[in-house]
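Reader: I have a model with two chains open in my viewer, and I would like to learn how to read it. Could you walk me through it, feature by feature?

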Amino acid sequence: MSHTTQVPHRRPVPEPSGAAATAPPPARRRPTSQQWAAWAFLAPVTLYLALFYAYPLYRNIDLSLRDYTVRSFVQGDAPFTGLENYRTVLDDPTFVPALLHTVVFTAVCLVFQYAIGLALAVFFNQHFRLSATLRALFLVPWLLPLIVSASTWSWMLNSDSGVVNALLSAVGVGPVNWLTSPSWSLTSVIIANIWIGVPFNLVVLYSGLQSIPASLYEAAALDGANAWQRFWRVTFPLLRPVSAITLLLGLVYTLKVFDIIWIMTKGGPADSSTTFATWSYQLGFGNLLPAFGPGAAVGNLLVVAALVFGLIYVRVQRKQALS
Amino acid sequence: MNPMNLTNRSPSRTWWKTAIGLLLTAVMLFPVYWMLNVSFTPERDMRKSPPDLFPAQGTLDGYRRVLDEQLPYLATSLVIGLGTVALTVALAAPAGYALAKLRPRGGGILNFVLLAAQMIPGIIMAMGFYAIYLSLGLLQSVPGLIVADSTLAVPFAVLIFTAFMSGIPGELLQAAKTDGAGPLRTFWSVVLPMSRNAVVTVSLFAFLWSWSDFVFAGTLVNGGAHEPITLGIYHYIGNNNQEWNAIMATAVVASLPAAVILVLAQRYVAAGVTAGAVKD
């Protein structure tokens, strides 16, 4: 709205600024008109952020503070219950397992994605034929729709007809009920998610490696450092800023992983792969009787966690930009 | 010995690295191969143990089912993808120009809000959108899903545009101004044409993310008249647990945009991933 009304205001500006280009004094006047122009260009996105980020977030907080039923959800007259939904969620027997699974899922995925991504980045940082082509092919898992990856992994991990169990039995290991046994379901979704996350780590860490000057390696090599020492003494320390950014972003994005787990196991069996993300969805949409309030409460806990790590990320990034 | 290694890059001395690289790529892409393999596997061989590693007696039944049943879903996804691209570019390009070149007061705060917005989990947004769309009657509508999907890309897009447009020389904009162009004219006739690469990068990602979206589709248009391909696959998994060749054939078709983008626009993808290291 406001940006269309501001366009005429900017029209008269060019006339005096024709002189502004040659003489410095009118430049002092430029900022105010430029401010108008700037915010006219920013108005759509600001309005958009308010409408489609702030308001849904607000609605979600509102949902978590009221006692919603399907009827009051439609009519909008749910009674205010304060933190009752949060209490319900904390007392729920699913809370502790969900918290534990979220922590384990996030930590294990991060460690493996980073380690594999870094190893591959170091490998592809060498010069050999097809290096660039193969590195590009590694992007495939990251580009595929999550439902494609998740359903492919579901079938590969199928207990009776899956190729993973077929390969295991070929080396004499008994069949594993990857998706149907409570002791393996979390491992299964972790494996699939690591596969999806490796390309991102590879690409970002590779670009970090590219910025390390080759002369440092040559100097280290002349000093008699072997490949292993060169990695730990040169590559790893110099890559620390990029590593920090990669890990923090990975942390924020792994916390909110939902699609993979939901499609592969729906958080089951018996909540054995439930994380906060799937639990929140389960409460809000997964049952015949939706519990919007507690669902939103779980979701908000997740938002808080994501934002805390997000803020740390912003701080680290800013510090790096300054240095 | 070691300095030799660093300088000597003749193909004859690095062939074994290529071999290892090929092996690693093969391992990494095995699930993709398996998806293709299963999509060609006939129904009767689906439960064979051990499964065929190669579809020697392949069938196109799965793809026939895609043509029969999934075309409306694919069309919906295409419309939603293009709509998301248009909305995202229209919102983000002017914002990027302002943040990069016009130095707005409070721009830093806006930048921060955009970064924070990317941290919000999709399901939380979905729940909020659900509550809002329910009261507005926008559930199961394509425009509603386009708006929701654009939230996946807009903050990222503003970042990309800002980073790219910062690189446009100030003298050029000053010259446009001297010639009497207002900010709008400068943006439309100078900045936007020069930002073609950024527009391509943003469009690719916006399209890919909305094409791949499952969370918003599952909550906002589930059961509606127009459902995207991700829900098409999801319904397949739910209903026909046995017909995995049809499921995997649909998955292959749903992966085509990603494949096309990787082949035709790989440099834009790599640029997008590393620019600010943002990803959903």
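**Reading the model together**

Author: Gladly! Let us begin with a single residue: Y73(B) sits in helix 4 of chain B. Please keep in mind that this is a predicted model.

Reader: Thanks. Is Y73(B) buried or exposed, and why?

Author: The idea is to count neighbours: a residue with 20 or more other C-beta atoms within 10 Å of its own is called buried. Y73(B) has 22 other C-beta atoms within 10 Å, so Y73(B) is buried.

Reader: Which residues does Y73(B) touch, leaving out those up to four places away in sequence?

Author: Contacts of that kind show which parts of a chain meet. Y73(B) touches E227(B), P228(B), I229(B), L231(B) and G232(B). You can also look at C-alpha separations: Y73(B) and V253(B) are 180 residues apart along the chain, and their C-alpha atoms are separated by 11 Å.

Reader: How many helices and strands does chain B have?

Author: Chain B has 14 helices and 0 strands. Its pattern along the sequence is α-α-α-α-α-α-α-α-α-α-α-α-α-α. For the overall form, one compares the radius of gyration with a globule rule: chain B has 23 Å, well over the 19 Å that the rule gives for 280 residues, so chain B is more spread out than a compact globule. The C-alpha trace of chain B spans about 75 × 70 × 30 Å along its principal axes.

Reader: And what percentage of chain B counts as buried?

Author: Here 48% of the 280 residues of chain B count as buried. Contact range is another useful summary: among contacts in chain B between residues at least 6 apart in sequence, 77% join residues at least 24 apart.

Reader: What do the matching figures look like for chain A?

Author: Chain A has 17 helices and 0 strands. Of its 323 residues, 42% count as buried. In chain A, 67% of the contacts between residues at least 6 apart in sequence join residues at least 24 apart.

Reader: Which domains does the assignment give for chain B?

Author: The domain assignment gives domain 1 (2-45) and domain 2 (64-277) of chain B. To see how two domains relate, look at their centres and then at their contact. The C-alpha centres of domain 1 and domain 2 of chain B lie 32 Å apart. Their contact takes 6 residues from domain 1 and 6 residues from domain 2. On the domain 1 side, these are 3 nonpolar, 2 polar and 1 charged residues.

Reader: Now the two chains together. How is the size of an interface often given?

Author: Often as the accessible area lost when the parts come together. Here we can count residues instead: the contact takes 90 residues from chain A and 91 residues from chain B. On the chain A side, the largest share, 20 residues, comes from helix 3 (residues 30-64) of chain A. By class, the chain A side divides into 62 nonpolar, 20 polar and 8 charged residues.

Reader: How do helix 9 of chain A and helix 3 of chain B cross?

Author: For a helix pair, read the axis distance and the angle. The axes of helix 9 (residues 146-156) of chain A and helix 3 (residues 30-40) of chain B come within 10 Å and cross at roughly 75 degrees. Helix 9 of chain A and helix 3 of chain B are therefore roughly perpendicular to each other. T152(A), W153(A), W155(A) and M156(A) meet P31(B), W34(B), M35(B) and V38(B) in this contact. These residues divide into 7 nonpolar, 1 polar and no charged.

Reader: What does T18(B) touch, again leaving out residues up to four places away in sequence?

Author: T18(B), which is in helix 2 (residues 11-28) of chain B, touches F128(A), R129(A) and L130(A). T18(B) counts as partly exposed, with 15 C-beta neighbours inside 10 Å.

Reader: What about the backbone of L130(A)?

Author: Phi is the angle to check there. L130(A) has a positive phi of about 70 degrees although it is not a glycine. L130(A) lies in the loop between helix 6 (95-124) and helix 7 (131-137) of chain A, and with 15 other C-beta atoms within 10 Å L130(A) is partly exposed. For chain B, look at R103(B), a residue other than glycine whose phi is positive, near 45 degrees. R103(B) is in the loop between helix 4 (61-102) and helix 5 (107-117) of chain B, and R103(B) counts as exposed, with 12 C-beta neighbours inside 10 Å.

Definitions and conventions:
Residues numbered from 1 in each chain as written. Chains lettered and ligands numbered in written order. Predicted model: local features only at pLDDT ≥ 70, side-chain atom pairs only at ≥ 80, totals over all residues. Helix = DSSP H or I, 4+ residues; strand = E, 2+ residues; numbered from the N terminus. Rg over C-alpha atoms; globule rule 2.2 N^0.38 Å. Contact = placed C-beta atoms within 7 Å. Nonpolar A, V, L, I, M, F, W, Y, C, P; charged D, E, K, R; others polar. Axes fitted to C-alpha atoms, helices over the stretch in contact; angles between N-to-C directions. Parallel < 35°, antiparallel > 145°, perpendicular 65-115°, else oblique. Domains from an automatic or database assignment.
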